[in-house]
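Biologist: I would like a close look at one part of this model, taken slowly and with its surroundings included. Please keep the answer connected.

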Amino acid sequence: MSLDINSSILIFGGSGTIGSSTALHLARKGYRNIRVLDVYPIPSAQSAGNDLNKIMGTSLRNPVDRQLSLEAEDAWSNDPTFSPYYHRSGRLDCCVSSDGINDLRDTVAKLEDAGLGHTVEWLDTEAQIIQRVPQLTGSNIQGWKGIFFERGGWLAAAKAIDSVGRELMRHGVQFSFGDSGTFQSLILSDDGKTCSGAVTKDGTRYLADRVVLASGAWTPSLVDLEDQCCSKAWVYAHMQLTPEEVKEYIGCPVVYNEDIGFFFEPNEDGIIKVCDEFPGFTRYKTHQPFGASKPTLVSIPRSHARHPTDTYPDASEITIRKAIAAFLPNFKDKELFNRAMCWCADTADANLLVCEHPRWKGCFVATGDSGHSFKLLPIIGKHVVELLEGTLQEDLREAWRWRPGSGDARKSTRAALAKDLADLPGWKHDSVDTEKGDSDHGVV
Ligand code: FAD
């Protein structure tokens, strides 16, 4: 059955990045029967996008990424739902390893090929780097080379999703949160080939013409994705600056060093977020997602929202402190707070997985963010809607197709395999084992 504006559409994960964007673009196109479902209200407390800030940059990995980045840049700049949350502080990508420096040179060549060479400046010496980012004076940047992106900057992530939520309310979108928004299973036809809705944790049965699963890192534990996505956690920590310190760091470009990590200028409350750079952490459990024929090993997120005493492994404290010592040596003894893990879904080739589930007509997945998709918030939903309407551009359809067996999502395009949280001490501080109540994905 083809779609029209009266078709009913369920969006699970609608309080997160891709899901809220999908609901937004459906609503903007006049669809009248949209229901956003999520464990948490928008912006979801466990969404990877519910964060102080994310990097805004142009990805040149392939033509699809480049097109999406340019569309996103335009929307962050001009769409009033998003533009207040784009901070054009500029961005420094820098490195010290020879491989990293080669990657940087490759990026410049790709930018030149794309006619965007004029948007960046190659920084060959420490002095040139400090001229662009004076806050790095005194840091150990010996041997660093860099690219300065005048157009880059950062996105006030949680605020931007909240802005989407406000627009969804104005459009009259329906919401179900908590147990009545938590995906449990699909409703299938007798022959099991057509999806006509979904059941939530409280037993509510929602009938619909289309079901979209935009449930981020939780998706592989909700339905059988045939190992195409692997959920992994990355980490961050925050530090509080004094008003005097804020004066020095306000307006500082985003500094991203692929060997070390990245940090952002302080927000309006004087808080700086610091991340390290590493291949992520998995959390493998035996589990049977909906549609899988038997229990199997699946990496399952453990949400900070549900487990607020969780922090990150001891190993992360070392690498985060290393990043602080390199970027912000004056703050190396500052206390860190809100030290947390945040979950993403890697695919083998780092392209999204946005397609109809081949076994269930009417059920669509919109996931596989691979840790770099927040910047797509304003525009990714437009393409999910095109998929639902059958008008998705051929190259996007090809890049985002169902593709089991095409590579190893556990490794993805990262430098090494992710370590498993079971082998890493330091992150779990429950006084009792709360995992038994961790049933958003049926794990016991
Ligand atoms: P999410 O935004 O996580 O949304 C998933 C939603 O599904 C959530 O709302 C969740 O509550 C919901 N859900 C879960 N289970 C259920 C269920 N059973 N039923 C219903 N709903 C459910 N990207 C960038 O572009 N730039 C960056 O600088 C950047 N930095 C990052 C730094 C860190 C530390 C991390 C972790 C990620 C970073 N990313 C960045 C990646 C970016 O955050 C993600 O790619 C993006 O937010 C993923 O969006 P999503 O919609 O797939 O998932």
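How many residues does helix α5 have, and what distance does α5 reach from its first C-alpha to its last?

Modeller: Bearing in mind that this is a predicted model, helix α5 covers residues 157-171, which makes 15 residues, and from its first C-alpha to its last it reaches 22 Å, close to the 21 Å expected at 1.5 Å a residue. Along α5, the buried residues are Ala 157, Ala 160, Ile 161, Ser 163, Val 164, Gly 165 and Leu 168. The cover over these buried residues includes one helix, α1 (17-28), together with the strands β2 (33-38), β3 (54-56) and β8 (153-155). Just after α5 comes Gly 172, whose phi is positive, at about 80 degrees.

As for the wider setting, an unreviewed UniProt entry carries the annotation "domain: FAD dependent oxidoreductase" for residues 14-387, and over residues 14-387 the chain is 26% helix and 28% strand, with the end C-alpha atoms 17 Å apart.

A strand from that stretch can be set beside the helix: in β23 (residues 363-367), 5 of the 5 residues are buried, with Cys 363, Val 365 and Thr 367 pointing one way and Phe 364 and Ala 366 the other. Strand β13 (residues 210-213) pairs with β23 in the parallel sense over 3 bridges, and there Val 211 stands opposite Cys 363. Strand β22 (residues 353-356), by contrast, runs antiparallel to β23 and is joined to β23 by 4 bridges, with Val 354 opposite Ala 366. The hairpin of β22 and β23 has 6 residues between the strands, and in this hairpin Gly 362 takes a positive phi near 95 degrees.

Terms used:
Residues are numbered from 1 along each chain as its sequence is written. This is a predicted model: local features need pLDDT of at least 70, side-chain atom pairs count only at pLDDT 80 or more; totals for chains, interfaces and linings use all residues. UniProt positions are given in the numbering used here, feature names are shortened, and annotations may be inferred rather than shown by experiment. Helices (H or I, at least four residues) and strands (E, at least two) are DSSP runs, numbered from the N terminus. The expected span of a helix is 1.5 Å times one less than its number of residues. A residue is buried if 20 or more other C-beta atoms lie within 10 Å of its own, exposed if 12 or fewer, and partly exposed in between; C-beta atoms are placed from the backbone. Two residues are in contact if their C-beta atoms, placed from the backbone, lie within 7 Å. Two strands pair if DSSP finds at least two bridges between them.
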